[in-house]
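Reader: I'm new to reading protein models. Could you walk me through how helices pack and how to look at the hollow spaces?

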Amino acid sequence: MPAVPEGFAGTYRLQQARYPMAAPGWQPVHTVYVPADRFSASTVQEWGDHALGLVKAHLSGPDELTEVFGVPGALGAAVHERVVRKLSTEPVEDLRVDFEDGYGVRPGPVEDEHAQRAAEAVASMYAAGTLPRRWGPRVKSFADGDPERSVRTLRALLAGVITRAGELPGGFTVTFPKVLMEAYLGQFAAVLAELEGEFGVRLRFEMQVEAPQTLPFLRGDLNETLGGRLAAAHFGVFDYTAAIGLPPHEQRLDHPACDHARHVMQTAFAGTGVELSDGSLAASPASELTRDVHALWRRHAELVRHSLRYGFYQGWDMHPSHLVSRFATVYAFHLARYDAYQERVRAWEERRSAGGGVMDEPATIRTLTAALRRADAALP
């Protein structure tokens, strides 16, 4: 019998480290972006109240979910109840205090002040138990030519929160945008390493994929080169579609060019544990009239369904109205096939046929089990 190939043990250990293939755990279904100058300790409550107000004013009941969101009629009551409960108890799962595009360029002292105010608000929410399970800032890009400003804001926020709260609350994640050069990732990871030493905390970040120049350096070992600090990759639809020259009316999440970019992201990070998130819809209801609110909800629901079908289980929400269509669409997606998936897994475990002509393979069973885990994590 041939000997075990030389170097196999090391290669196998590297495989396990690089591709842990871990079962999916909890991942937020969205990230809410709020410009730093508009962020306060009451922001999450205000978003939830606004969204609930829209439900009360523009959804007469469960039956209307079919027409507005495409929710199967049999699921209307269950989805409606879950949406209302979610908006009342946890309207925001992941929060970003935005110091980048949504905030703009301000004089240095102004941004310094907003960073301190954000730290005060975070500490207040933490004390009150209202801080979302994930939270953090989106800092300015190194590609803008001023890394000092980006680092200064990040350090000020960290110092302010830790001083006021006595610790860094769990769930902290930094969003690093417009990564046009791979070297920026290593430079930002080095900044995080310095801050870790200063504050005695572990820091992770998520990169934004917003340019075609970013796609070529996405790969399975990228997180290793960054000391395991890369938590997620988020797609930026508007910068990306602008960078490849699409006309304004084609800057949309369901454009085939965006499907290509997302597939590259999936291919690069499959099995690594790096989470993926889709982008946003840059629109709000045109008016307070029901027809305009419904039009916004329908379009947002279409985009959320598109993301879910393509295996992106998280996206950005930019307006309180998006919370309604986000949760309604996500809950309907998971509930629609939950029982059927559960029966197929149970049949496999019991070594019997699931019926309906289905012949499941082990890889399919792993996929079904992962889908059930995601549903259990996402459903309130």
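Author: Sure, let's begin with the words. Helices (H or I, at least four residues) and strands (E, at least two) are DSSP runs, numbered from the N terminus. Axes are lines fitted to C-alpha atoms, for helices over the stretch in contact, and angles run from 0 to 180 degrees between N-to-C directions. Keep in mind that this is a predicted model, where local features need pLDDT of at least 70 and side-chain atom pairs count only at pLDDT 80 or more, while totals for chains, interfaces and linings use all residues. Residues are numbered from 1 along each chain as its sequence is written, and side-chain values use heavy atoms, with hydrogens and water left out.

Reader: Okay, so how do I describe two packed helices?

Author: Two packed helices are described by the angle between their axes and the distance between the axes. Take helix α6 (residues 147-165) and helix α7 (residues 182-199): they pack at an angle of about 25°, with axes 12 Å apart. Angles under 35 degrees count as roughly parallel, over 145 as roughly antiparallel, 65 to 115 as roughly perpendicular and the rest as oblique. So α6 and α7 are roughly parallel to each other.

Reader: Which hand does the crossing of α6 and α7 have?

Author: A crossing is left-handed if the near helix is turned anticlockwise from the far one by less than a right angle, and right-handed if clockwise. α6 passes α7 in a right-handed crossing.

Reader: And which residues of α6 and α7 meet?

Author: Contact means heavy atoms within 4.5 Å. From α6 you get V151, L154, R155, L158, A159 and I162, and they meet F188, V191, L192, L195, E198 and F199 in α7. To sort them, Ala, Val, Leu, Ile, Met, Phe, Trp, Tyr, Cys and Pro count as nonpolar, Asp, Glu, Lys and Arg as charged, and the others, Gly among them, as polar. This contact of α6 with α7 has 10 nonpolar, no polar and two charged residues.

Reader: How are α2 and α12 placed, roughly parallel or roughly perpendicular?

Author: Their axes come within 8 Å and cross at roughly 65°, so α2 and α12 are roughly perpendicular to each other. This crossing is right-handed. On the α2 side are W47, H50, A51, L54 and V55, meeting P320, S321, L323 and V324 in α12. By class, that gives seven nonpolar, two polar and no charged residues.

Reader: What about α13 and α14?

Author: The axes of α13 and α14 come within 10 Å and cross at roughly 135°. That makes α13 oblique to α14. Their crossing is left-handed. Among the residues that meet are Y341 and W348 in α13, and L368 and L372 in α14. The contact divides into 10 nonpolar, three polar and two charged residues.

Reader: Now the hollow spaces. What is a pocket, and what is a cavity?

Author: On a 1 Å grid over the protein atoms alone, a cavity is a set of points where a 1.4 Å probe fits but cannot get out, and a pocket is an open set with protein on both sides within 12 Å along at least five of seven lines; lining residues have an atom within 4 Å of a point. Grid points are joined across faces, edges and corners, and a volume is the space filled by probe spheres set on the points. Here the largest pocket has a volume of about 1400 Å³. It is lined by 42 residues, and A22, P24, Y313, A370 and R374 are the closest to its centre.

Reader: Which element gives the most to that lining?

Author: α14, with 15 residues. The lining of the largest pocket has 26 nonpolar, 10 polar and six charged residues. The second largest pocket has a volume of about 360 Å³, and Y33, D98, G102, R138 and M318 lie nearest its centre.

Reader: How many cavities of 30 Å³ or more are there?

Author: Two, from a search of the whole structure. The largest cavity has a volume of about 60 Å³, and α11 supplies the largest share of its lining, four residues. The second largest cavity, at about 40 Å³, is lined by residues including V55 and V324. You've met both already, in the contact of α2 with α12.
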